[in-house]
Amino acid sequence: MSLARRSRCLLPALLALGPAWAAVPAPTTLPPVVAEAHRVMRLDTQRSQIGFEVRTRFGQRIEGLFPHFEGRIEILSDGRHQVHLKMFTRSVEIPGKSRYTGWMRGEEFFDAGRHPVVEFDSLPYWPETVESGGDINGRLTLRGISHPETLKVEKAECARPGYDCDVVSRGTVQRGRYGMDSWQLALSDRVTFVLRARLSEAPKP
């Protein structure tokens, strides 16, 4: 069978499949990273800080900390960066408030017994984002549930952010999306993660 005749035979079948293709929903997963890691920078856990804020319905702000965390920034072969964060919930605390600390570690909030790690893996971004400020998109995994979320980076206050000054970023999530839907009458549905990052060593010339 000639190529032209074969194409005429296949055309009706392809047209018939058109509606079925259109009905396929768009993928909800993040696109794969094509570029490979060229170098890795790590967060200085002694000078960095990761915390969170949640407000009560009466306007009171409750501030918490993740005393134990890990973070690295991969420099990809195309020049973009990609950040990976891990926060350990078994040590999460509300400073000076042991009762609140127990709530935050318990089943109704971070559920540290079953979900000891909160993770954020970003999509690749250009390093200028850290200098001028902007959004870093990625995926947050909390209580075993993953959703796309965004870190909003503040404009740097120095020429070498991460070395001479903190890189400050915030990401606000709806806790109900992650199964943290208790205390709706007492607490706002929004939890804001706050990262103040320093890197462990300065880049070599």
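This text walks through the fold, core, pockets and cavity of the structure above, and ends at one strand residue.

The model is predicted. The protein has 3 helices and 10 strands. Along the sequence, these elements run α-β-β-β-β-β-α-β-α-β-β-β-β. Of the 205 residues, 37% are buried. Contacts are counted here from a separation of 6 upward, and 59% of them join residues 24 or more positions apart. The accessible surface is about 12500 Å². Carbon and sulfur atoms hold 54% of that surface.

Start inside, with the core. The largest nonpolar core contains 38 residues. Phe52, Phe66, Met87, Met104, Phe110, Leu140 and Phe193 have the most contacts inside it. Strands β2 (49–56), β4 (69–76), β5 (81–88) and β6 (117–122) are among the elements that give two or more residues to this core. So are β7 (134–142), β8 (145–153), β9 (167–174) and β10 (187–197). Strand β10 supplies the largest share, 5 residues.

Phe110 shows how such a residue is surrounded. Neighbours within four places in sequence are set aside here. Phe110 then contacts Phe52, Phe66, Met104 and Phe193, among others. Its contacts also include Thr89, Val92, His115 and Val118. Leu142, Arg143 and Met180 touch Phe110 as well.

Next, the pockets. The largest pocket encloses about 460 Å³. Its lining counts 25 residues. Nearest its centre lie Ile73, His81, Val130, Pro161 and Leu199. Two or more lining residues come from each of β1 (37–42), β4, β5, α3 (128–132), β8, β9 and β10. By class, the lining has 19 nonpolar, 3 polar and 3 charged residues.

The second largest pocket has a volume of about 190 Å³. Gln49, Gly51, Phe52 and Glu53 are among its lining residues. The lining also includes Glu63, Gly64, Leu65 and Pro95. Arg170, Val194 and Arg196 belong to it too. Strands β2, β3 (61–65) and β10 each give two or more residues to this lining. The largest share, 4 residues, comes from β2. The classes divide into 4 nonpolar, 3 polar and 4 charged. Phe52 appears both here and among the core residues with the most contacts.

Now the enclosed space. How many cavities of 30 Å³ or more does a search of the whole structure find? The search finds 1. The largest cavity has a volume of about 140 Å³. It is lined by 13 residues. Phe120, Leu140, Leu151, Gly171 and Phe193 lie nearest its centre. Leu140 and Phe193 are also listed among the core residues with the most contacts. Strands β5, β8, β9 and β10 each supply at least two residues of the cavity lining. That lining has 10 nonpolar, 2 polar and 1 charged residues.

Finish at Ser146, in strand β8. Is Ser146 buried, partly exposed or exposed? Its relative accessibility is 31%, so Ser146 counts as partly exposed. Residues up to four places away in sequence are again left out. Ser146 then touches Arg139, Leu140 and Thr141. Leu140 is thus a link back to the cavity, where Leu140 is one of the residues nearest the centre. Tyr178 stands 32 residues from Ser146 along the chain, yet their C-alpha atoms are separated by 7.8 Å.

Key:
Residues numbered from 1 in each chain as written. Predicted model: local features only at pLDDT ≥ 70, side-chain atom pairs only at ≥ 80, totals over all residues. Heavy atoms only, no water. Core = buried A, V, L, I, M, F, W, Y, C linked by side-chain atoms within 4.5 Å. Buried < 20%, exposed > 50% of the residue type's maximum accessible area, 1.4 Å probe, protein only. Contact = heavy atoms within 4.5 Å. 1 Å grid on protein atoms, 1.4 Å probe; cavity = no way out; pocket = protein on both sides within 12 Å on 5 of 7 lines; lining within 4 Å. Points joined across faces, edges and corners; volume = space filled by probe spheres on them. Nonpolar A, V, L, I, M, F, W, Y, C, P; charged D, E, K, R; others polar. Areas by Shrake-Rupley, 256 points an atom, 1.4 Å probe, with all protein chains shown as cover.
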